[in-house]
Amino acid sequence: MKDADVIVIGAGLAGIVASCELAGRGKKVLLLDQEGPQNLGGQAFWSLGGLFMVNTPEQRRLGIKDSKALARSDWLGSAQFDRDEDHWPRVWADAYLDFATGEMRRWLYALGMRWFPVVGWAERGGSFATGHGNSVPRFHITWGTGPGVLEPFVARLTDHEASGAVSIAYRHRVSTLDISNGQVAGVSGEVLREDSLPRGGATNRDVVGDFSFKADCVVVTSGGIGGNFEMVRRNWPVERLGQPPKTLISGVPEHVDGRMIDIAERAGAQLINTDRMWHYTEGVRNWDPIWPHHGIRILPGPSSLWLDADGERLPAPCLPGFDTLSTLREICKRGHDHSWFILTQAIIEKEFALSGSEQNPDLTSKSVLSVLKSRLGKGATPPVEAFKEHGQDFVVETDLNALVAGMNKIGRGKLDAVKIREEVEARDAQITNTFSKDAQVVAIRGARNYLGDRLIRTAKPHRLLDKSKGPLIAVKLHVLTRKSLGGIHTDLSGQVIGQDGSAIGGLFAAGEAAGFGGGGYHGYNALEGTFLGGCIFSGRTVGRSAG
C-alpha cells in the first residue's frame with residue numbers, strides 16, 4: 001500500500017514549491033526533511049532574496065533597457081556550455097529565460113511578492129560583450145529578503161497541510177532510494193532525535209528509529225554540497241581553478257551536506273557537472289556565528305582596492321562585484337587562501353552590503369522607514385558597522401603604514417608597506433585625473449552612470465589617502481563556499497536520467513540537487529538571482545509534471 005502519491009525529499013524552497021504544485025493538482029504528498037520545523041525553507045531563508053528577472057517594471061522605471069535576447073546572450077556567454085551532457089542544462093536555461101522574461105514576475109506578484117525599487121547590478125563581468133556577466137542590472141531584491149520569498153509558498157504549504165493534502169515528516173533522513181527494474185518504489189532511512197537548536201544550528205545526528213515509505217513517485221530537492229567541505233574539495237576542479245584554499249568558510253548551514261546527491265548516484269541516477277560550483281571570494285568570518293565555520297559574503301560596490309595575500313593588485317576583470325569565478329581562479333592559482341580589500345569609511349558607508357536576511361533587518365522587516373534610516377543615514381548600515389567593530393577580519397586605522405601593520409598581524413605577516421603605498425598612490429593619481437587607463441577607475445565612473453548605483457551603491461570617486469574620507473579600512477577576505485552548479489541529470493520535466501542514459505521511472509529532481517535544472521543550467525558561471533529563481537522554477541516545473 002502506498003503512503004503517498006509523491007514523496008518529496010527536502011523542505012527547502014524547491015521542495016516547498018514542488019509540494020504546493022503537486023497538492024494543487026490533487027496529489028497526496030509526503031514531504032521529508034532531516035532537519036526540524038525551525039529550518040523549514042532551508043537556505044532560502046538566509047538569502048538576500050534576489051531574483052533574476054528580465055524587462056520588468058522595476059527595470060524600466062530606472063531606464064534599464066533589457067530583453068530576452070540580451071539576457072540569453074549574457075547567460076550563454078557566462079555558461080560557456082561545452083560538454084555533450086550540457087544538452088538538458090541548455091534546454092533548462094532557455095526555459096528559465098522564457099519564464100524570467102514572461103510569467104515569472106506576474107505569477108510571483110499575484111502570490112503577494114514585491115521588490116525593492118532599485119534593481120541591483122550583480123556580477124558585471126568586466127570582459128567582452130560575448131563573455132560572462134550581466135550587461136544590465138537584473139538583481140531584484142524581494143521585499144522581506146529570503147523570508148519574503150518563502151512567505152507565500154509556506155502559506156500555501158500550511159494550507160495544504162491543514163487540508164491533509166501534504167504531510168510533513170521532520171527529522172526523517174533518507175538513506176536509500178528504493179528502485180526496482182528502473183522504477184522508483186519508495187524511500188527508507190533513519191529517524192533522528194528531535195533537536196530544539198535555533199534555525200541554522202548544527203543539529204544532532206542521533207538515530208532513534210527507522211522508516212520506510214512507499215510511493216510510485218519521488219522528488220529529490222535536498223540541496224547542494226556547500227556545508228560539506230570534504231565534498232567540496234572532492235569535486236574541486238584543480239586543473240581549471242588550481243588547488244582549493246587550505247582554509248574555507250561556509251556560507252550555508254552544516255546540514256547542506258550533499259548526502260542525497262551521492263545516495264541518488266548509488267541508486268542509479270546520473271550526476272553531471274559536479275566540478276562546476278560557485279564560491280565567493282569576498283567572505284568574512286561571522287563575529288556572531290550561527291553554524292560551524294559561518295561566513296558572510298560582502299556584496300561590494302566597485303571602489304575597494306583588491307590585493308592578493310602578498311599585497312599584489314588583482315588584475316581586471318578581478319574587480320569587486322564583477323567576475324566571481326575569474327577572481328577565485330586568480331587567487332587559487334597564486335596559491336593563496338585569502339585576499340584583501342583596502343577602502344575608506346566613505347566607501348564602506350555607500351558600497352558595503354552583507355548578504356543574508358539576518359544582515360539586512362531593514363529589508364527583511366519590510367519597513368520603509370527602517371530602510372531609509374539604515375541606507376541613507378549617517379554611517380554604514382548597523383550590521384556593517386558591527387562587523388567593522390567586532391569582526392576579526394577588519395582593520396581600521398587613520399594611517400596607511402599602521403593599516404598595513406594591522407593587516408600583517410592578522411595575515412601572513414609579509415605585506416610590504418612601501419609596495420602597497422605605491423599601489424594606492426598610483427590608483428589615487430588616476431582618480432584625480434579626468435581621464436584614466438585604470439580599468440577599475442573606468443568601472444567606477446561607468447557604475448555611476450546608473451542611477452541606482454549613484455544613489456545607494458557607488459561612492460563618489462575619491463583618493464583612498466584623502467583624510468576627509470577616512471579612516472582607512474582593510475578587510476581580510478576568505479573563500480566562502482556556497483552553491484553547486486552541477487548535480488542530478490534530468491530532462492526538462494525534471495525526470496532523472498539514469499547512468500545508462502534512460503529515464504528512471506517516477507524519480508525526479510529539482511533545485512540545487514539538480515544544478516537548479518537539468519544538472520547544471522548555469523554552466524560554469526552564475527549571473528546571480530538565478531539560485532532562488534532556479535529553485536522556484538524547477539520546483540514549479542517538477543510539481544506540474546511529476547506523479
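A salt bridge is a side-chain nitrogen of Lys or Arg within 4 Å of a carboxyl oxygen of Asp or Glu. The exercises below concern a predicted model.

**Exercise 1. Which residues are linked with Asp82 in a network of salt bridges, and where does the pair of Asp82 and Arg276 lie?**

Solution.
Step 1. The network consists of Asp82, Arg83, Asp86, Arg240, Asp275 and Arg276.
Step 2. Within it, take the pair of Asp82 and Arg276, whose closest N and O atoms are 3.3 Å apart. The cut-off is 4 Å, so this pair qualifies as a salt bridge.
Step 3. Asp82 belongs to the loop between α3 (68–79) and α4 (87–101), and Arg276 to the loop between β11 (271–272) and β12 (277–285); the pair therefore ties together parts that are 194 residues apart in sequence.
Step 4. The two partners differ in their cover: Asp82 is exposed at 52% relative accessible area, whereas Arg276 is buried at 2%.
Step 5. Over the whole structure, the count of salt bridges comes to 36.

**Exercise 2. Locate the salt bridge of Asp393 and Arg285, and that of Arg412 and Asp310. State for each partner whether it is buried or partly exposed.**

Solution.
Step 1. The side chains of Asp393 and Arg285 come to 2.5 Å, N to O.
Step 2. Asp393 is found in the loop between α14 (382–390) and β17 (394–397), while Arg285 is in strand β12, so this salt bridge ties together parts that are 108 residues apart in sequence.
Step 3. Asp393 has 1% relative accessibility and counts as buried; Arg285, at 25%, counts as partly exposed.
Step 4. For Arg412 and Asp310, the distance is 2.1 Å, N to O.
Step 5. Arg412 is in the loop between α15 (400–410) and α16 (417–431), and Asp310 is in the loop between β14 (305–308) and α10 (324–333); the parts tied together are therefore 102 residues apart in sequence.
Step 6. Arg412 is partly exposed, with a relative accessible area of 39%, and Asp310 is likewise partly exposed, at 27%.

**Exercise 3. Describe helix α3: its span, its buried residues, and what covers them.**

Solution.
Step 1. The helix has 12 residues and reaches 16 Å from its first C-alpha to its last, which is close to the 16 Å expected at 1.5 Å a residue.
Step 2. Its buried residues are Ala71, Asp74, Trp75, Gly77, Ser78 and Ala79.
Step 3. A general rule helps in reading such a list: an α-helix has 3.6 residues a turn, so residues three or four places apart point the same way.
Step 4. The cover over the buried residues of α3 includes β3 (50–52), α4 and α19 (530–543).
Step 5. Just after α3, Gln80 takes a positive phi of about 55°.

**Exercise 4. How many disulfides does a search of the whole structure find, and how far from Cys217 and Cys332 is the nearest cysteine sulfur?**

Solution.
Step 1. The search finds 0 disulfides.
Step 2. For Cys217, the nearest cysteine sulfur is that of Cys20, 16 Å away. A disulfide requires sulfur atoms within 2.5 Å, so Cys217 is in no disulfide.
Step 3. For Cys332, the nearest cysteine sulfur is that of Cys318, 11 Å away, and Cys332 is in no disulfide either.
Step 4. Cys217 is buried, with a relative accessible area of 4%; Cys332 counts as buried at 4% relative accessibility.

**Exercise 5. Set out the surroundings of Glu282 and Ser355.**

Solution.
Step 1. Glu282 is in strand β12 and is buried, with a relative accessible area of 2%.
Step 2. Leaving aside residues up to four places away in sequence, Glu282 touches Ile296, Arg297, Ile298, Pro300, Trp306, Gly321, Phe341, Leu477 and His478.
Step 3. Ser355 lies in the loop between β16 (353–354) and α12 (361–364). At 13% relative accessibility, Ser355 counts as buried.
Step 4. With that exclusion applied again, Ser355 touches Ile296, Arg297, Leu299, Asn360 and Arg482.
Step 5. Comparing the two lists, Ile296 and Arg297 are contacts of both Glu282 and Ser355.

**Exercise 6. Which residues make the nonpolar surface patch that includes Leu372?**

Solution.
Step 1. Val368, Leu372 and Leu376 make this patch, of about 300 Å².
Step 2. Leu372 is in helix α13 (residues 368–376).
Step 3. Patch residues must have over 30% relative accessible area; Leu372 is partly exposed at 46%.

Terms used. Residues numbered from 1 in each chain as written. Predicted model: local features only at pLDDT ≥ 70, side-chain atom pairs only at ≥ 80, totals over all residues. Heavy atoms only, no water. Patch = residues over 30% accessible without salt bridge, like charges linked within 9 Å, V, L, I, M, F, W, Y side chains within 5 Å. Areas by Shrake-Rupley, 256 points an atom, 1.4 Å probe, with all protein chains shown as cover. Helix = DSSP H or I, 4+ residues; strand = E, 2+ residues; numbered from the N terminus. Buried < 20%, exposed > 50% of the residue type's maximum accessible area, 1.4 Å probe, protein only. Expected span 1.5 Å × (residues − 1). Contact = heavy atoms within 4.5 Å.
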